[in-house]
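Biologist: Please take a close look at the pockets of this model. I am new to it, so explain each term as you go.

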Amino acid sequence: MKTHSLIAALVLTIPAWAEDKPAPAPSPVPDAAAATVYAPTDLAKLKEMTGKQVVVEGTVLAQGENKSGTVRYLNFTKNYKESLALVFLLGKNAEAFSKEKLAEYVGKKVKVSGTVGAYNETLQIKIDKLDQIQVQP
């Protein structure tokens with residue numbers, strides 16, 4: 001059977017009522033509140049989520065800065081290798097990510113949304129805006 005004949009045969013088999021029926025609505029995107037919430041120390045599951053958007057909840061224990069002063073971070077464990085880190089690239093946002101502003105999160109339980117990445121085998125979420133971090137009651 002030729003391709004044109006096959007297409008014509010397929011078109012003729014579609015019931016007339018199906019042509020007038022609207023396409024089904026796309027399924028809704030799950031909202032962040034319904035998303036799985038990961039512990040920042042659940043490294044095995046978070047590693048599987050590399051490159052994907054996640055929600056993480058935990059208590060921030062420490063803040064720091066790299067030697068060159070271009071990156072600040074918040075850690076959920078004393079040893080940064082034992083949990084995902086929140087990373088702040090200063091560049092244009094140095095004032096938004098001041099040491100004083102980040103210090104406000106230390107000792108507090110936070111919920112963070114962002115994309116899991118890795119740097120030197122350490123998992124992290126790069127924070128672009130402080131509204132990615134929500135202090136929890």
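Modeller: What follows covers the two largest pockets. This is a predicted model, in which local features need pLDDT of at least 70, side-chain atom pairs count only at pLDDT 80 or more, and totals for chains, interfaces and linings use all residues. Residues are numbered from 1 along each chain as its sequence is written, and side-chain values use heavy atoms, without hydrogens and water.

A pocket is an open set of points on a 1 Å grid over the protein atoms alone, where a 1.4 Å probe fits, with protein on both sides within 12 Å along at least five of seven lines; lining residues have an atom within 4 Å of a point. A volume is the space filled by probe spheres set on the points, which are joined across faces, edges and corners.

The largest pocket holds about 380 Å³ of space. Its lining includes N66, Y80, Y119 and N120. Two or more lining residues come from each of β4 (71–75), β5 (85–89) and β7 (122–126); strands are DSSP runs of E with at least two residues, helices runs of H or I with at least four, numbered from the N terminus. By type, seven lining residues are nonpolar (Ala, Val, Leu, Ile, Met, Phe, Trp, Tyr, Cys or Pro), five are polar (the others, Gly among them) and none is charged (Asp, Glu, Lys or Arg).

The second largest pocket has about 200 Å³. Among its lining residues are L43, K47, Y80, K81 and E121. Here α3 (43–48) and β7 each give at least two residues. This lining has four nonpolar, three polar and three charged residues.
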